[in-house]
Amino acid sequence: MSLTERLREWRYRRACEADTTVLRALADGRLHYVHADLHTTTQLRYGRLYPALTRLVGRGLVEDEWDAEPSARRSYRLTDVGRAELSPRTDARTGRTLP
């Protein structure tokens, strides 16, 4: 396997890990304050957290909406498709169950 292929595989696995971590964190219910709640719960850095949320929203696994509060923050929750995807979560390339 070339260095480029190994790097691509590593990036893919890190993205899958971040997606799974976010899905698991959202399984408990709606999340209102990403900065305070999700970052603290998952220990993901913002550079991995927000791209994961964007991927999951784009795939229809997570729904986002603006709160009607004066601070106008976004809240996130799992969709039914996201719940189905969460259990069991497997790597499409290798067929292994992801942590």
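Helices and strands are taken here as DSSP runs, with at least four residues for a helix and at least two for a strand, numbered from the N terminus. On this basis, the protein chain of the predicted model contains 4 helices and 2 strands. Read along the sequence, these elements follow the order α-α-α-β-β-α. Of the 99 residues in the protein chain, 30% count as buried. Among contacts in the chain with a separation of 6 or more, 52% are accounted for by residues 24 or more positions apart.

Helix α1 covers residues 3–26. At 1.5 Å a residue, its 24 residues should span 34 Å, and because the C-alpha atoms at its ends lie 35 Å apart, the expected and computed values agree. Several residues of α1 are buried, including Glu 9, Cys 16 and Thr 20. Ala 18, Asp 19, Val 22 and Leu 23 are also among the buried residues of α1, and these four take part in the contact with helix α3.

Helix α3 is formed by residues 46–58, and its axis lies 9 Å from that of α1. The two helices pack at an angle of about 80°. Angles of 65 to 115 degrees count as roughly perpendicular, so α1 is described as roughly perpendicular to α3. On the α1 side, the contact also includes Arg 14, Ala 15 and Glu 17. On the α3 side, the residues met are Arg 48, Leu 49, Ala 52, Leu 53, Arg 55 and Leu 56. By class, the contact between α1 and α3 has 8 nonpolar residues, 5 charged residues and no polar ones.

Two arginines of α1 were examined individually. Arg 14 is located in helix α1 and has a relative accessibility of 32%, so Arg 14 counts as partly exposed. The C-alpha atom of Arg 14 is separated by 8.8 Å from that of Arg 48, although the two residues are 34 residues apart along the chain. Arg 24 also belongs to helix α1. Its relative accessibility is 46%, which means that Arg 24 is likewise classed as partly exposed. Arg 24 and Arg 83 are 59 residues apart along the chain, and their C-alpha atoms are separated by 9.2 Å.

In soluble globular proteins, nonpolar side chains tend to be buried together. The largest nonpolar core in this model has 14 residues. Val 22, Leu 23, Leu 26, Leu 56, Val 62 and Leu 78 touch the most other members of this core. At least two core residues are supplied by each of α1, α3 and β2, the last of these being residues 74–78.

Methods
Residues numbered from 1 in each chain as written. Predicted model: local features only at pLDDT ≥ 70, side-chain atom pairs only at ≥ 80, totals over all residues. Heavy atoms only, no water. Expected span 1.5 Å × (residues − 1). Buried < 20%, exposed > 50% of the residue type's maximum accessible area, 1.4 Å probe, protein only. Axes fitted to C-alpha atoms, helices over the stretch in contact; angles between N-to-C directions. Parallel < 35°, antiparallel > 145°, perpendicular 65-115°, else oblique. Contact = heavy atoms within 4.5 Å. Nonpolar A, V, L, I, M, F, W, Y, C, P; charged D, E, K, R; others polar. Core = buried A, V, L, I, M, F, W, Y, C linked by side-chain atoms within 4.5 Å.
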